[in-house]
Amino acid sequence: MPELPEVQTVVNDLRSAGIEGDTIHSAAITWENTVRPLSAAQFVKEVCGRRIESIRRRGKYIVFSLDRGAYLLTHLRMTGQYELCAPKQETDPHVRVEFKLDSDRQLRFHDTRKFGRIIFTRRPGEVLDKLGPDPFDPNLTPVKFASAVHKHARQIKALLLDQSFLAGLGNIYCDEALFAAGVHPLENSRLIEPYKAEELLLQIRTVLRQGISNRGTSLGEGETNYVSGGKRGENRKALRVYGLKGRPCPRCGTALEKIYVAQRASYFCPCCQTRSHHESSSK
Ligand SMILES: [Zn+2]
């Protein structure tokens, strides 16, 4: 499932392909549920003739700013992918939305599992203002982050996955950041020592930056796996705990464990990621 580094890679790829400044000539929708909240016909009518002024990322959303005050907010969810191609390139049945651009290229939204969404709106704040700060927000200092963490008494991993707390993290980078900071995924957020909570934000930034520089993480080979610009992400080789149950911890050699936190598979080192003693009932 695409997280911040994968979404940022998609944005970077579309930008470097020069999509900003291009105009949507026409659009075709083959799976109506992908577009919201308008009907397919209304959606097409609204987007045709609009110029793409800029494209950026907010949390896991791709934000296209169109001219005349309109926006397209894309959430890739499980398997959404954008591909930019020549109009004659053969299309496949998993393309849900196709934008024909004035530059005579096509921007195709490919989505095998069909959970992805493209929202047309004039008020992007109705969606984006519900998100917590971006991990790279310069106003989010480690001290502010630690104080926000301490305002909650939740399992730290569940808190980090909550997009209204922090926008952009998903399962993979969350596990990697918790490992790097030495925080147990089940730790009560209120009991994390301030210096460790501050360190956690720095490690979140480090693993996300690494993910971006590796163009994201693709776990499998099939077409449901993340690709951007026709390329798989290379970050899998940099993962230290995610998906590695039973393998030796890269720091201490203890076998890595897998548990479920907030219904998500979570990988950690039982030695390097300890929980606070305040909560352990036996001591
Ligand atoms: Zn370890």
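Cys252 is partly exposed in this predicted model, with a relative accessible area of 38%. Cys249, by contrast, counts as buried, because its relative accessibility is 4% and the limit for a buried residue is under 20%. Both cysteines belong to a zinc site, whose protein donors are the SG atoms of Cys249, Cys252, Cys269 and Cys272. These donors lie 2.2 to 2.4 Å from the zinc ion. Along the chain they follow the spacing C-x2-C-x16-C-x2-C. The four donor atoms subtend angles of 104 to 114° around the zinc ion, which makes the arrangement tetrahedral. For comparison, the ideal angle for four tetrahedral donors is 109.5 degrees.

**The five-stranded sheet**

Five strands form an open sheet of mixed pairing, in the order S2-S9-S5-S4-S3. Its edges are strand S2 (35-36) and strand S3 (52-58), each of which pairs on one side only. At the S3 edge, S3 and strand S4 (residues 61-66) are antiparallel and share six bridges; here Arg56 stands opposite Val63 in S4. At the other edge, S2 pairs with S9 in the parallel sense over two bridges, and Val35 stands opposite Ile118 in S9. S9 is also joined to S5 by five bridges, the two strands running antiparallel. Leu73 has Ile119 in S9 as its bridge partner.

How far is S9 enclosed by the rest of the structure? Five of the five residues of S9 are buried, so the strand is largely enclosed. Both of its faces are covered: Arg117, Ile119 and Thr121 are buried on one side, and Ile118 and Phe120 on the other.

Two helices are placed against this sheet. Helix H1 (residues 4-16) lies across S3 and S4 and runs at about 165° to S3. Helix H2 (residues 40-47) packs on the sheet and touches S2, strand S5 (70-75) and strand S9 (117-121), its direction making about 60° with that of S9.

**Nonpolar cores and helix H6**

The largest nonpolar core has 37 residues, of which Phe145, Ile156, Leu160, Leu166, Leu169, Leu200 and Ile204 touch the most other members. Two or more residues each come from helix H4 (142-150), helix H5 (156-161), helix H6 (171-181), helix H7 (194-213) and strand S13 (264-268). H6 gives the most to this core, with seven residues. Leaving aside residues up to four places away in sequence, Phe145 touches Leu140, Leu160, Phe165, Leu166, Ala197, Leu200, Leu201 and Ile204. Apart from this core lies another, of 29 residues, among them Val7, Val10, Leu72 and Leu76. In soluble globular proteins, nonpolar side chains tend to be buried together.

H6 itself is mostly covered, 11 of its 11 residues being buried. The buried residues are not all nonpolar in kind, since they include Asn171, Asp175 and Glu176 as well as Ile172, Leu178 and Phe179. Among the elements that cover the buried residues of H6 are H1, H5, H7 and S13. After H6 comes Gly182, whose phi is positive, near 70°.

**Backbone features in loops**

Most residues other than glycine have a negative phi, and most peptide bonds are trans. The peptide bond from Arg36 to Pro37 is cis, with omega near -15°. Pro37 lies in the loop between S2 and H2.

Two residues other than glycine with a positive phi are set out below.

| Residue | Phi | Loop | Relative accessible area |
|---|---|---|---|
| Arg215 | near 65° | between H7 and strand S10 (227-228) | 21%, partly exposed |
| Gln263 | about 65° | between strand S12 (257-261) and S13 | 75%, exposed |

Is Gln263 buried or exposed? With a relative accessible area of 75%, Gln263 is exposed, whereas Arg215 is partly exposed at 21%. The loop that holds Gln263 leads to S13, one of the elements that give two or more residues to the largest nonpolar core. The loop that holds Arg215 lies between H7 and S10, and H7 likewise gives two or more residues to that core.

Methods
Residues are numbered from 1 along each chain as its sequence is written. This is a predicted model: local features need pLDDT of at least 70, side-chain atom pairs count only at pLDDT 80 or more; totals for chains, interfaces and linings use all residues. Side-chain values use heavy atoms; hydrogens and water are left out. Two strands pair if DSSP finds at least two bridges between them. Helices (H or I, at least four residues) and strands (E, at least two) are DSSP runs, numbered from the N terminus. Contact means heavy atoms within 4.5 Å. Axes are lines fitted to C-alpha atoms, for helices over the stretch in contact, and angles run from 0 to 180 degrees between N-to-C directions. Donors are N, O and S atoms within 2.8 Å of the metal (3.2 Å for Na, K and Ca); water is not among the atoms, so sites may look incomplete. Four donors count as tetrahedral if all angles lie between 85 and 135 degrees; four count as square planar and six as octahedral if opposite donors are over 155 degrees apart and all others between 65 and 115; anything else is irregular. Buried means under 20% relative accessible area, exposed over 50%, partly exposed in between (1.4 Å probe, protein chains only). A nonpolar core is a set of buried Ala, Val, Leu, Ile, Met, Phe, Trp, Tyr and Cys residues joined through side-chain atoms within 4.5 Å.
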